[in-house]
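Subject: Structure handover

Hello,

I am passing on the structure we talked about, together with some notes on what turned up when I went through it. Please keep it open beside this message as you read.

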Amino acid sequence: MTTALLKVNQLNKRYFNGYRGLRKQYSQALSDVSFELNAGETLAIVGEAGSGKSTLARILVGAEPRSQGEILFEGVPLDSHDVAKRCKLIRMIFQDPNTSLNPRLSIGDLLAEPLRFNTTMDKQQIRQQVFDTLRKVGLLPEHAEFYPHMISEGQKQRVAVARALMLDPKIIIADEALTALDFSVRSQILNLLLTLQQELGLSYIFVSHNLGIIRQFSDKIMVMHQGKVVEKARTELLFSQPQHEYTQRLIAEQGLLFNRK
Ligand SMILES: Nc1ncnc2c1ncn2[C@@H]1O[C@H](COP(=O)(O)OP(=O)(O)OP(=O)(O)O)[C@@H](O)[C@H]1O
Ligand SMILES: [Mg+2]
């Protein structure tokens, strides 16, 4: 039996919402979420607003504690690793580069930041890796001197991808990171991500409302509804034979036909 790269078992998340009288109020954002991700694979997570997708993403990158459940990386509990090591395993591309990229830092400093915080690399090594990574995402070493406002939306998104790549992670999570981009920029970034996946053997977790993007791009899909996983399937199967009524509705709402080839 092979061990999955990432295995999530019965993950639960309750948010504390304050007191009503003396009683603590909680909301259940995730209920018994389980899934696996293998090396080189892309998992898409879909579901309507409030279904728990971002909560799950934040827990996986360590930005939010979980209430219950287990997250195993190559069979080892993820939280048995320190933060620096965790950062090297799973990284996130944030939704909007206009808010996630600090406007006061040059692109070079933005990219160097994760290396300064999480590695013992010296200045010269950091500089070299910044240049190498800029090239990997189709930018130039000269872009290191630029500030975010000096580059296009597509280039900003490339910087966001570069930043996620800096620590050489195994898994990259993108939470609606591409949804806001216009069609041609989005295709460029998707192609970039696919190329990087082939070159580096990365695994992706894609959170998106847009089933069209997901259909092209994912190997398997997990559908969430009110904090629960209602369906998991290989992408083609999910679109051709959606089992759950909620999945059928999602596909129909977005005008993506099923049961027809
Ligand atoms: N920090 C928080 N404190 C309390 N409740 C929260 C918090 N973050 C999210 N929630 C609640 O948890 C549930 C899941 O939210 P989450 O942001 O994970 O959904 P989502 O699927 O990402 O939605 P969207 O598609 O709108 O991004 C929602 O009911 C939300 O109100
Ligand atoms: Mg969200």
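A good place to begin is Arg14, whose charged end sits over the ring of Tyr26, 4.0 Å from the centre of that ring. Please bear in mind throughout that this is a predicted model, and that what follows describes that model.

Tyr26 has other ring company as well. The search of the whole structure for aromatic pairs found 5 of them. In one of these, Phe16 and Tyr26 form a tilted pair, with 5.7 Å from centre to centre and 55° between the planes. This pair links distant parts of the chain, since Phe16 belongs to strand 1 (residues 6-20) and Tyr26 to strand 2 (residues 23-37), and the two are 10 residues apart. Phe16 has a relative accessible area of 42%, so it counts as partly exposed, and Tyr26, with a relative accessible area of 36%, is likewise partly exposed.

Another of the pairs joins Phe206 and Phe217, and this one is edge-to-face, with 4.7 Å between the centres and 80° between the planes. Here too distant parts of the chain are linked, with Phe206 in strand 8 (residues 203-207), Phe217 in helix 8 (residues 211-217), and the two positions 11 residues apart. Are these two rings buried or exposed? Both Phe206 and Phe217 are buried.

Two further ring features complete this part of the picture. Phe16 and Tyr26 belong, with Tyr19, to one aromatic cluster. There is also another charged residue placed over a ring, for Arg215 lies over the face of Phe239, at 4.4 Å from the ring centre.

Turning to the chain as a whole, you will find 10 helices and 10 strands in it. How does its radius of gyration agree with that of a compact globule? For 261 residues such a globule would have a radius of gyration near 18 Å, and the chain has 19 Å, which agrees. Along its principal axes, the C-alpha trace spans about 55 × 55 × 45 Å. Of the 261 residues in the chain, 48% are buried, and the accessible surface comes to about 13400 Å², with 49% of that area belonging to carbon and sulfur atoms. If you consider the contacts with a separation of 6 or more, 67% of them are between residues 24 or more positions apart.

The strands that carry Phe16 and Tyr26 also take part in a sheet. It is an open sheet of 4 strands in the order 2-1-4-5, and the pairing is antiparallel. Strand 2 and strand 5 (76-77) stand at the edges with a single partner strand each, so one side of each has no neighbour in the sheet. Strand 4 (residues 68-73) and strand 5 run antiparallel and are joined by 2 bridges, and Leu72 has Pro77 in strand 5 as its bridge partner.

Two residues in helices are worth finding on the screen. Thr55 lies in helix 1 (residues 53-60) and has a relative accessible area of 8%, which means that it is buried. Leaving aside residues up to four places away in sequence, Thr55 touches Lys13, Tyr15, Ala29 and Leu30. Gln129, in helix 5 (residues 123-136), is partly exposed, with a relative accessible area of 22%, a value to be read against the rule that buried means under 20%. With the same sequence neighbours left out, Gln129 touches Leu115, Met121 and Met166. The C-alpha atoms of Gln129 and Lys228 are separated by 40 Å, and these residues are 99 apart along the chain.

Finally, there are two backbone angles to look at. Most residues other than glycine have a negative phi. Asp32 is not a glycine, yet it has a positive phi of about 50°. Asp32 lies in strand 2 and is partly exposed, with a relative accessible area of 45%. Gln226, also not a glycine, has a positive phi of about 50° as well. Where does Gln226 lie? Gln226 is in the loop between strand 9 (220-225) and strand 10 (228-234), and its relative accessible area of 58% means that it is exposed.

Best wishes

Key
Residues are numbered from 1 along each chain as its sequence is written. Chains are lettered from A and ligands numbered from 1 in the order in which they are written. This is a predicted model: local features need pLDDT of at least 70, side-chain atom pairs count only at pLDDT 80 or more; totals for chains, interfaces and linings use all residues. Side-chain values use heavy atoms; hydrogens and water are left out. Rings of Phe, Tyr and Trp (its six-membered ring) pair if their centres lie within 6.5 Å; planes under 30 degrees apart count as stacked, over 60 as edge-to-face and the rest as tilted. Buried means under 20% relative accessible area, exposed over 50%, partly exposed in between (1.4 Å probe, protein chains only). A charge sits over a ring if NZ of Lys or CZ of Arg is within 6 Å of the ring centre and within 35 degrees of the ring normal. The radius of gyration is taken over C-alpha atoms; the globule rule is 2.2 Å times the number of residues to the power 0.38. Contact means heavy atoms within 4.5 Å. Accessible areas come from the Shrake-Rupley method with a 1.4 Å probe; for residues, only the protein chains shown count as cover. Two strands pair if DSSP finds at least two bridges between them.
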